[in-house]
Amino acid sequence: MGQAAASGGRCPACLSPRVVSHPELFVLSVAHMDCDAFYASVEKRDNPDLADKPVIIGGGKRGVVSTACYIARVRGVRSAMPMFKALRLCPEAVVIKPRISAYAEVSRRIREMMEELTPAIEPLSLDEAFLDLSGTQRLHGRPPAVMLAELARRMESDLGITGSIGLSHNKFLAKIASDLDKPRGYSVIGVDETEEFLRDRPVRLIWGVGQSLQRSLEKAGVRTFADLRRWERKELGERFGSMGERLWKLARGKDFRSVRRDAPVKSISHETTFPEDTESGGIIDGHIWRLSERVADRAKAKGIAGRVVTLKLKRADHRLLTRQMRLAEPTHMADRIYRTARALLAAAGDIGSCRLLGIGLSQLTPAEDADRTGDLLDPDADRRAMAERASDTIRGRFGKDKIIKGRALR
């Protein structure tokens, strides 16, 4: 966006050719910062031998790609792609298992840099966040656009990690902008150009427009924002329900959500892809327990509980089966999550061979509302809950591997 600088198209200070100007550059204050191929970038930083090699972060031939460096992306590798397909496209790739603790430490340091600019930070994941720098110019003596450029420079010089920044007047457009010029991008979408900018772009840019909704929109003749703007507000509501109102607003670049420092977590889930398809009840049961325990550990660490337990299964033929059960009261106990998931599996009948399993907890509430009454139909539930709490205390003091249930060894 904008025009190249007059001085030979280069910055007079650093001689960069990537110089732009924009009439609203110094009045916009909502930004989205997205690290460039974050996991892969950390691995390359920590191992310089990988600098010129295609790197894929993921696990096993049956797993999926967590992320890939830009060298691998040129070959067609994408996040969430099955590993076997990624390796077919890029057989010379170096595959590395994720080191979440290392990535979390880099993320923490980036967050500290952001905190120096503004308290209004809404993390979306380890490698991306929204920032609202409204009113910070008076404090720092520099407009948000300049402070964001300094943030990107500090990330690269101090941490060896590059990021792309989108600057606009709301979250929806800031996130779109951050993806326009990766890597090391800095893109701006102003108020006056919003509708023109969006006009011919595909509606799949809208959060929540997945493949299913995209097909429904295409059936209705909607492929671009311009197509969407031809619909009346009432018509969209009648056709697409509550999503219709959102579509109407975003088609015009309207997004009134604030940057929320402590945006509530909507769900907690974990899943695993088996090395080989399995019909073994023992293996599946062991994984249900381990995943339930991981979900419970995260819920307890965050001080929250959930009222809905979800079981997700992918069969050998890639058909997906999802089942949910609403509990009488919220829980964050691994035992209750596990037993609910087991009941959902039993109710699903013969699932045949399974390749992926996931457990989730949603409709989250504060932990003080959880597990108050127990289960009158299960007289041993209180005893198991007491044992789990005692186990949590020991694991918290001596390490998570000090107590392991027998079913976890399956």
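1. Two strands count as paired if DSSP finds at least two bridges between them. On that basis, strands β10 (residues 304–315) and β12 (residues 354–366) pair in the antiparallel sense, with 11 bridges between them. Within this pairing, Leu 313 has Leu 357 of β12 opposite to it. The model is a predicted one, and the points below should be read accordingly.

2. The β10 and β12 strands belong to an open sheet of 4 strands, ordered β9-β12-β10-β11, with antiparallel pairing. Its edges are β9 (267–278) and β11 (320–331); each has a single partner strand, so one side of each has no neighbour in the sheet. From one strand to its neighbour, the average turn is 15 degrees, direction ignored.

3. Two helices contact this sheet. Helix α13 (residues 281–302) packs on it and touches β9, β10 and β12, with its direction at about 160 degrees to that of β9. Helix α14 lies across β10, β11 and β12 and runs at about 140 degrees to β11.

4. The geometry of α14 (residues 334–347) was checked for length. With 1.5 Å a residue, its 14 residues should span 20 Å, and the end C-alpha atoms are 20 Å apart, which agrees. The buried residues of α14 are Ala 334, Asp 335, Ile 337, Tyr 338, Thr 340, Ala 341, Leu 344 and Leu 345. After the helix comes Gly 349, which has a positive phi near 80 degrees.

5. Another open sheet has 3 strands in the order β3-β2-β4, and here the pairing is mixed. The edge positions are held by β3 (65–68) and β4 (94–96), each with a single partner strand, so one side of each is left without a neighbour in the sheet. The twist from one strand to the next averages 25 degrees.

6. In that mixed sheet, β2 (residues 55–58) runs antiparallel to β3 and is joined to it by 3 bridges. Ile 56 has Ala 68 in β3 as its bridge partner. Helix α1 (residues 38–46) packs on the sheet, where it touches β2, β3 and β4; the angle between its direction and that of β2 is about 120 degrees.

7. The structure holds 29 salt bridges. One of them pairs Glu 92 with Arg 75, with 2.2 Å between the closest N and O atoms. The partners are 17 residues apart and sit in distant parts of the chain: Glu 92 is in the loop between α3 (83–89) and β4, and Arg 75 in the loop between α2 (70–74) and α3. Both ends are partly exposed: the relative accessible area is 42% for Glu 92 and 36% for Arg 75.

8. A second salt bridge joins the side chains of Lys 171 and Glu 122, at 2.9 Å from N to O. Lys 171 lies in helix α7 (residues 171–178) and Glu 122 in strand β5 (residues 121–125), so this pair ties together parts that are 49 residues apart in sequence. Lys 171 and Glu 122 are both buried, that is, under 20% relative accessible area.

9. Asp 200 and Arg 199 also form a salt bridge, their closest N and O atoms being 3.5 Å apart. Asp 200 counts as exposed at 56% relative accessibility, whereas Arg 199 is partly exposed with a relative accessible area of 34%. Elsewhere, Glu 43, Arg 45, Asp 46 and Arg 99 are joined into one network by salt bridges that share partners.

Key. Residues numbered from 1 in each chain as written. Predicted model: local features only at pLDDT ≥ 70, side-chain atom pairs only at ≥ 80, totals over all residues. Heavy atoms only, no water. Axes fitted to C-alpha atoms, helices over the stretch in contact; angles between N-to-C directions. Contact = heavy atoms within 4.5 Å. Salt bridge = Lys/Arg side-chain N within 4 Å of Asp/Glu carboxyl O. Buried < 20%, exposed > 50% of the residue type's maximum accessible area, 1.4 Å probe, protein only. Expected span 1.5 Å × (residues − 1).
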